Structure formats: C-alpha cells, structure tokens
Amino acid sequence: MQKNRSGLLKHYDKQYLWHPFTQMKDWLKDEDPPLVIDRAQGVYLIDTDGKKYIDGVSSLWVNIHGHNHPKINAAIKKQIDKLSHSTLLGLANTPAVELSKKLIDIAPGGLSKVFYSDNGSTSVEIALKMSYQYWQNTGKKNKRTLVHLNNSYHGDTLGAVSVGGIDLFHKVYRGLIFKTVALKRPYWDAVWDFEKLLEKDSSNIAALVIEPLVQGAAGMLVWSKGILKEFRRLCTKYDVFLIVDEVATGFGRTGKMFACQHEGVTPDFLCLAKGITGGYLPLAATLTTKKVYEGFMFDYKDQKTFFHGHTYTGNPLACAAALANLEVFKKERTLEKLSPKIKFLARKLKMFYNLPSVADLRQCGFMAGIGLKGRWEDRLGARVCQAVRKHGVILRPLGNVIVIMPPLVISINELDYLLEVTYRAIDQMVIRKRA
Ligand SMILES: *Cc1c(COP(=O)(O)O)cnc(C)c1O
C-alpha cells in the first residue's frame, strides 16, 4: 500500500467512522494514528503500512483456523460463483440446508432444529422469543419471566441487554428493557437461589439463560465444575427452559466443540455465532429441540407461527464458510492439536503471578484472562494492550482484564511470544507508574 494512501485512510477513519464500544473522544485525541488492517495471514494481521501483528483475541473471539485459510477461502469463492444470497423466507438454499444437518450432527444429542440469524445477539433474541412464545402457544401463559445470572453478557440488542448483567454496558438502557430476574450472587450460590426461586415461582418462569462454564465479557469468570449440570437438572425438574449461549464458548474454545459437552448437558436452546464461520462471515444459529418445534405446530389461523426472521438469514456464503470451518476442524484435527496448547497456556500463565500487579488468572480451555490490580478509571488493561502493539501483538482488554484468546491454530512458539510480550508490558507499565 502506498504511504500516502495509508495516511489518507487514517485520516478518513477519524473523519467518518464511529467505532463500537469506543469513547470517540479518546479515539480522536490519541496521538498514535489508528491501525488500519489491510490483509491477514494465519494468526497475523497486517496493517496498511505493512506491519504484522499476532491476532491475540482472534478478531474479537471469532477466528479459529487462521486468516486467509486456503480451504475456507476456496469454499467461499466456489459458492460466490453459484449463489451469493437468496432468502430462507419461503425458499431454501443448498449450503443452509447442508449446514443445518451438520450442526445437528455435532451438537449435543437431543437438539434437532436449526434457526439461523446473523450474529450472537440475534441468536439469543430468538431463543428468548421462542421460549416465551412456546409457553404462550401451549397455554401456560404465566410463564413469562426470564432468569439470568449476574455479570452475564448476551449481546447488545434490547432483548439481549435485558438478560445482561454488566452495569458498565447495560445500566444506561435500564429504562428501555423488559423486567427479568437476575441471580445476584455468582456460582453455587446462584444455583441455590435459582432452586428457591423455582420452588416458589416456577409457574411464572419461562427460561434460564446462561453462558456455560465461563462468563466471557465479564472478564473470563470461570464457573466451578458441576454447576451447568445442576442448572440442567433444576430446569428439567421445574419445566423451565435452559438457554445456553455458546456464542463465545462454541467451536472449540473450551477444548471441546461445545462447552455443554464437558458436563454432558443438552440445553433446550443452544445459541451459536462468533466461531461458526471460522471467523469469516457473520452467521448465527439457534438450535432447539423437537419439543419446542412442536409447540409452534398449529393451524395458520391460530396465529402461533414464530414471526421472526432477518433478511440475510441463512446466507449461502456464510453457510459455505461454516461448512468449510467444520471440514477444517476434521481435516486438521484442530481439537486434538489444541489440547497441548491449552496445557502450555496454563503453565505459562502461572508465571504472571510473579508480577505484583496481577490480581488473578482465569482460564477455561483457550479462553484466558489476566486480572490486573487497579481502579477501572486507570484503564490499565487498555494501556497494556497499547504497549504490546509496539511488539507486534494485538490484544483487547475487558476493563482491567487482559484477554488472551488467539486463534486455535496458533503455534506454541507464537503463543509463547504473545505471552512473553504481554508479561513484559505488564511488568514495565508498573515500573513506569512508580517512576
Ligand atoms: C459476543 C457475544 C454475544 C454477542 O454476539 P454479537 O455477534 O456481538 O451480537 C452474545 N453472547 C456471548 C456469550 C458473546 O460472547
């Protein structure tokens, strides 16, 4: 890329672009010009000046097999010459049908229907609306309340925000959202609170929605073993749906294809997005059971149809990428090769306890967080992420938690480098603060 072209793009960025989850006042006054990514290869992102960076957060937790993967590229190119889009409203298309079968094949047993949408938030919206409408359709009209956990994150659309529990993101929208019940205290306490709630009130509860094993956006908060299974048992006992949001954990992140499989749990709704296309194109799916599906089988005049659908639902290019993603999982034995890397990450993370500014370490498979001591206003996380850039690493923090979540395909050497650079950045930041 020409040098002046790169400069122009940086200028246009500040002139025209409004970035998500970003205080634009800070963005505009930042002396470092914005990084504009132009190309990518494997685990590396390459900017308009030709500089290479390790993609340490998988481009917001989506990339699995690396960028510019020949098999996924080829699948999308092949599909583009046949059909780029056609609607699922009243029609089907080849990749969407094929993918629905493949998803059911790999999902926890008992899930049998796939409803597509375009992103994680909509996959959750759909589960919320379906679970609510199921009870309306089948005559249990009081079962309307949705229960969620404290610190939860399920996306940014208003339904997803209603079951969200992160004040920094969600508080300002309180006046817009519907009422839910939040299980206040985390983990085993939440299970016991849920049981008490069910004993008293299950006839008013539609569903419990959770992120299984680890609450990602909350800062990689890892659950204790057995909780997921216990939530499943209670939901079954009290006839309440269990909605499992695997938008972040799905597609290998926790070491198994789905987090549910660690505890042998089948949810009533499984929400998938992020990694579903290997990080190539936006696509989401909400998987559910025959029971739920049959709760919508009425005569048209009964008006019990699931009246929901997005324009690009089941987009053939995205579905072709998703099919290729699953192929690559098999061909490259991605999950098998991941297990030593998870162990390496665990071993190497322990080293961070040597740093006085590290408060705690969190890891679930290939999702990790390094919690820093400090006030949130000091933005230590952001400062560490700024510092690692100078050494060719891209990270994005969650407040004071440094997220480590590289593509599953990363090599041990690259992972080692990423962690070394992060370690030094945390170490040096503290020295600078003391000086
Ligand atoms: C990212 C995320 C979402 C939202 O997905 P989008 O594609 O950003 O709408 C929902 N739930 C979880 C657990 C997530 O990590």
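**A guided reading of the ligand site and its surroundings**

V247 lies in the loop that runs between strand β10 (241-245) and strand β11 (269-272). The model in which V247 is placed here is a predicted one. With a relative accessibility of 8%, V247 counts as buried, because buried means under 20% relative accessible area. Once residues up to four places away in sequence are set aside, V247 touches G120, S123, C271, L272, A273, K274 and G275. V247 can also be related to G155: the two are 92 residues apart in sequence, while their C-alpha atoms are 9.4 Å apart in space.

Both V247 and G155 belong to the set of residues around the ligand. That set consists of W61, N119, G120, S121, Y153, H154, G155, E211, D245, V247, A248 and K274. By character, the shell divides into four nonpolar, five polar and three charged residues.

Several of these residues place polar atoms close to oxygen atoms of the ligand. In the case of S121, an N or O atom of the side chain is 2.5 Å from a ligand oxygen. For G120 a polar backbone atom is concerned, and the distance to an oxygen of the ligand is 2.8 Å. The side chain of N119 has an N or O atom 3.3 Å from an oxygen atom of the ligand. How much of the ligand does the protein bury? Taken alone, the ligand exposes 380 Å², and the protein buries 83% of that area.

S121 deserves a further look. This residue is found in helix α6, which spans residues 120-137. Its relative accessibility of 12% falls under the 20% limit, so S121 counts as buried. Leaving out residues up to four places away in sequence, S121 touches H154, G155, D156, T157 and A160. Of these contacts, H154 and G155 are also among the residues around the ligand.

From G155 the path leads on to H170. H170 touches S152, Y153, G155, V161, G164 and G165, again without counting residues up to four places away in sequence. The helix that holds H170 is α8, residues 167-170. Is H170 buried or exposed? H170 is buried, with a relative accessible area of 1%.

G165, one of the contacts of H170, is placed in the loop between α7 and α8. At 14% relative accessibility, G165 counts as buried. Apart from its neighbours within four places in sequence, G165 is in contact with H148, L149, N150, N151, S152 and H170. Its C-alpha atom is separated by 4.4 Å from that of N151, although the two residues are 14 residues apart along the chain.

N151 itself lies in the loop between β5 (145-149) and α7 (158-162). At 24% relative accessibility, N151 counts as partly exposed. The backbone of this residue calls for a remark. Most residues other than glycine have a negative phi. Phi of N151, however, is near 70 degrees, a positive value in a residue other than glycine. S59 likewise has a positive phi, of about 50 degrees, although it is not a glycine. The place of S59 is in helix α3, residues 58-61, and at 31% relative accessibility S59 counts as partly exposed.

The aromatic residues add another layer to the picture. The count of aromatic pairs comes to 14. A pair of aromatic rings is described by the distance of the centres and the angle of the planes. The rings of F296 and F306 have their centres 5.8 Å apart and their planes at 85 degrees; the pair is therefore edge-to-face. Both F296 and F306 lie in the loop between α11 (290-294) and α12 (316-331), so the pair ties together parts that are ten residues apart in sequence. F296 counts as buried at 14% relative accessibility, and F306 counts as buried at 13%. Elsewhere, ring pairs link Y134, W135, F241 and F269 into a cluster.

Note on methods:
Residues numbered from 1 in each chain as written. Predicted model: local features only at pLDDT ≥ 70, side-chain atom pairs only at ≥ 80, totals over all residues. Heavy atoms only, no water. Near = heavy atom within 4 Å. Polar contact = N/O pair within 3.5 Å; in protein donor to acceptor, adjacent residues only side chain to side chain. Areas by Shrake-Rupley, 256 points an atom, 1.4 Å probe, with all protein chains shown as cover. Nonpolar A, V, L, I, M, F, W, Y, C, P; charged D, E, K, R; others polar. Helix = DSSP H or I, 4+ residues; strand = E, 2+ residues; numbered from the N terminus. Buried < 20%, exposed > 50% of the residue type's maximum accessible area, 1.4 Å probe, protein only. Contact = heavy atoms within 4.5 Å. Phe/Tyr/Trp six-rings, centres within 6.5 Å; stacked < 30°, edge-to-face > 60°.
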